[in-house]
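User: Could you walk me through this model with a few questions and answers? I would like to follow the reasoning each time.

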Amino acid sequence: MIAVDFAYRRPDTLAGAYELFSDLARRGENPFYLGGGTEIVTGARTGLFTPSSVIDVKAISDLRALAVHDGRLILGAGLSLREILAKDPWPLLSHILSRIADHSVRTQITLGGNLVGSIPYREAVLPFLLTESAVRLYGSGGDRWVPLAHVFTDGSLRLAVGELLVALSVPEAVTRLGGVACKKTRFDWVDYPLVTVAARRQPGRRIPALAVSGLTSGPFRALRVEDALLHAGPAEIPLRELLPEAPLDDRHGSSAYREFVFRNTLEDVLEQLGPNG
Ligand SMILES: Cc1cc2nc3c(=O)[nH]c(=O)nc-3n(C[C@H](O)[C@H](O)[C@H](O)COP(=O)(O)OP(=O)(O)OC[C@H]3O[C@@H](n4cnc5c(N)ncnc54)[C@H](O)[C@@H]3O)c2cc1C
């Protein structure tokens, strides 16, 4: 049960959603955009979120896009993981989404909610970190596409207050390149990751592009690890010097255990992709 009353709204345009959010915020209310609601509803039940209004963004057609346009695959932030899996436009993305939660929860979780939400794993972002991805944002800065790398920093998406994540895009050719994803959990098949590594072949380079979740406080593109692997194997590289921060140390696993699992996962990934990376 949710112990607070809140208003539910479902605008069908980007401008409508943003204006509604801005109006409510100006009046001192505490609005939230609603994707799949898995985080908001759980948070509202436990008192972590106290929304006065939720603005459901799933009726906005721009957030429902799933199309190829000008050589780029566009995925709306309001698509559920299940909807993306059903269309399977990018096998590497499907592979990763198929390991987030279970079948019925994936019907709820949206691509946008996974990237914007506070749960730090954000595994859906991993394949996007491996290539020239862009995100469409709508807010005080207007309606614009920006490179993902400009707004996804230190493991999270930096949105201005009230800004909406509308869609993500990648070059369509990338979706046909080989890639693998390897998720290691502590006990169960359905669980948060101890470590997840996504890898994609890079034409002309022996080592694949690598993106990692679970190891540190947020997902990251492991460029320095990629470079080090050109000269030494996963067991030999000076990992601590190559990571953005020390591996997490929590109830799922100690720092040393996560480091051990990460090295093993790198071995698995390199083996699965074969000698040409
Ligand atoms: C059982 C279970 C298992 C899970 N396992 C994993 C896992 O293994 N790996 C993993 O990565 N995650 C996992 N999750 C986390 C899950 O991915 C998050 O709960 C989910 O990503 C939130 O998505 P949502 O669409 O439900 O977001 P919501 O709850 O609707 O929203 C979350 C936040 O994002 C904001 N938001 C949503 N959409 C937008 C948008 N388009 N623009 C701007 N802001 C927006 C909301 O305002 C809110 O602050 C799991 C969750 C559950 C319930």
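Here is a set of questions and answers on the domains, sheets, ligand shell and some single residues of this predicted model.

User: Happy to start with the overall layout. Into which domains is the chain divided?

Analyst: The bounds come from a domain assignment, which splits the chain into three parts. Going along the chain, these are domain 1 (7-55), domain 2 (62-174) and domain 3 (177-273).

User: How far apart are the C-alpha centres of domain 2 and domain 3, and which helices supply the side of domain 2 that touches domain 3?

Analyst: The C-alpha centres of domain 2 and domain 3 are 21 Å apart. Contact between them involves 20 residues of domain 2 and 19 residues of domain 3. On the domain 2 side, at least two residues come from each of helix 4 (91-97) and helix 7 (126-129).

User: What is the make-up, by class, of that side of domain 2?

Analyst: Sorting the residues of domain 2 that touch domain 3 by class gives three groups. The counts are eleven nonpolar, four polar and five charged residues.

User: Let's turn to the sheets. Which strands stand at the edges of the five-stranded sheet?

Analyst: The five strands follow the order 4-5-10-6-7 in an open sheet, with antiparallel pairing. A strand at the edge has a single partner, so one of its sides is left without a neighbour in the sheet. That is the situation of strand 4 (66-69) and strand 7 (142-147).

User: By how much are neighbouring strands of that sheet turned against each other on average?

Analyst: Taking the antiparallel sheet of order 4-5-10-6-7, we can ignore strand direction and average over neighbouring strands. The turn comes to 25°.

User: Which residue of strand 7 is the bridge partner of Val-135?

Analyst: Strand 6 (residues 134-139) and strand 7 run antiparallel and are joined by six bridges. Looking across from Val-135 into strand 7, the bridge partner is Val-146.

User: What angle does helix 1 make with strand 10?

Analyst: Helix 1 (residues 14-26) packs on this sheet, where it touches strand 6, strand 7 and strand 10 (164-171). The direction of helix 1 relative to that of strand 10 is about 140°.

User: Now the three-stranded sheet, please. In which order do its strands lie, and is the pairing parallel or antiparallel?

Analyst: At the edges are strand 1 (7-9) and strand 2, each pairing on one side only. Strand 2 and strand 3 (residues 53-56) are paired over four bridges, with Leu-34 opposite Asp-56 in strand 3. The order is therefore 1-3-2 in an open sheet, and the pairing is parallel.

User: How does helix 1 run relative to strand 3?

Analyst: Helix 1 also lies across strand 1, strand 2 and strand 3. Against strand 3, helix 1 runs at about 170°.

User: On to the ligand. Which element gives the largest share of the shell around the ligand?

Analyst: The shell draws at least three residues from each of domain 1 (7-55) and domain 2 (62-174). Strand 2 (31-34), helix 2 (38-46), helix 6 (111-116) and strand 10 each supply at least two residues. With four residues, the largest share comes from helix 6.

User: Which residues come nearest to the ligand?

Analyst: There are 29 residues around the ligand. By class they are 16 nonpolar, ten polar and three charged. Those that come nearest are Gly-35, Gly-36, Glu-39, Gly-112 and Gly-113.

User: Is Leu-79 buried or exposed?

Analyst: Leu-79 sits in the loop between strand 5 (72-76) and helix 3 (81-87). Beyond its neighbours within four places in sequence, Leu-79 contacts Arg-64, Leu-66, Ile-84, Thr-110 and Leu-111. There are 22 other C-beta atoms within 10 Å, and the cut-off is 20 or more, so Leu-79 is buried.

User: Is Asp-70 buried or exposed?

Analyst: Asp-70 lies in the turn of the hairpin formed by strand 4 and strand 5, which has two residues between the strands. Phi of Asp-70 is near 50°, a positive value in a residue other than glycine. Because Asp-70 has 8 C-beta neighbours inside 10 Å, and 12 or fewer is the limit, Asp-70 counts as exposed.

Definitions and conventions. Residues numbered from 1 in each chain as written. Predicted model: local features only at pLDDT ≥ 70, side-chain atom pairs only at ≥ 80, totals over all residues. Domains from an automatic or database assignment. Contact = placed C-beta atoms within 7 Å. Nonpolar A, V, L, I, M, F, W, Y, C, P; charged D, E, K, R; others polar. Pairing = 2+ DSSP bridges. Axes fitted to C-alpha atoms, helices over the stretch in contact; angles between N-to-C directions. Near = placed C-beta within 6 Å.
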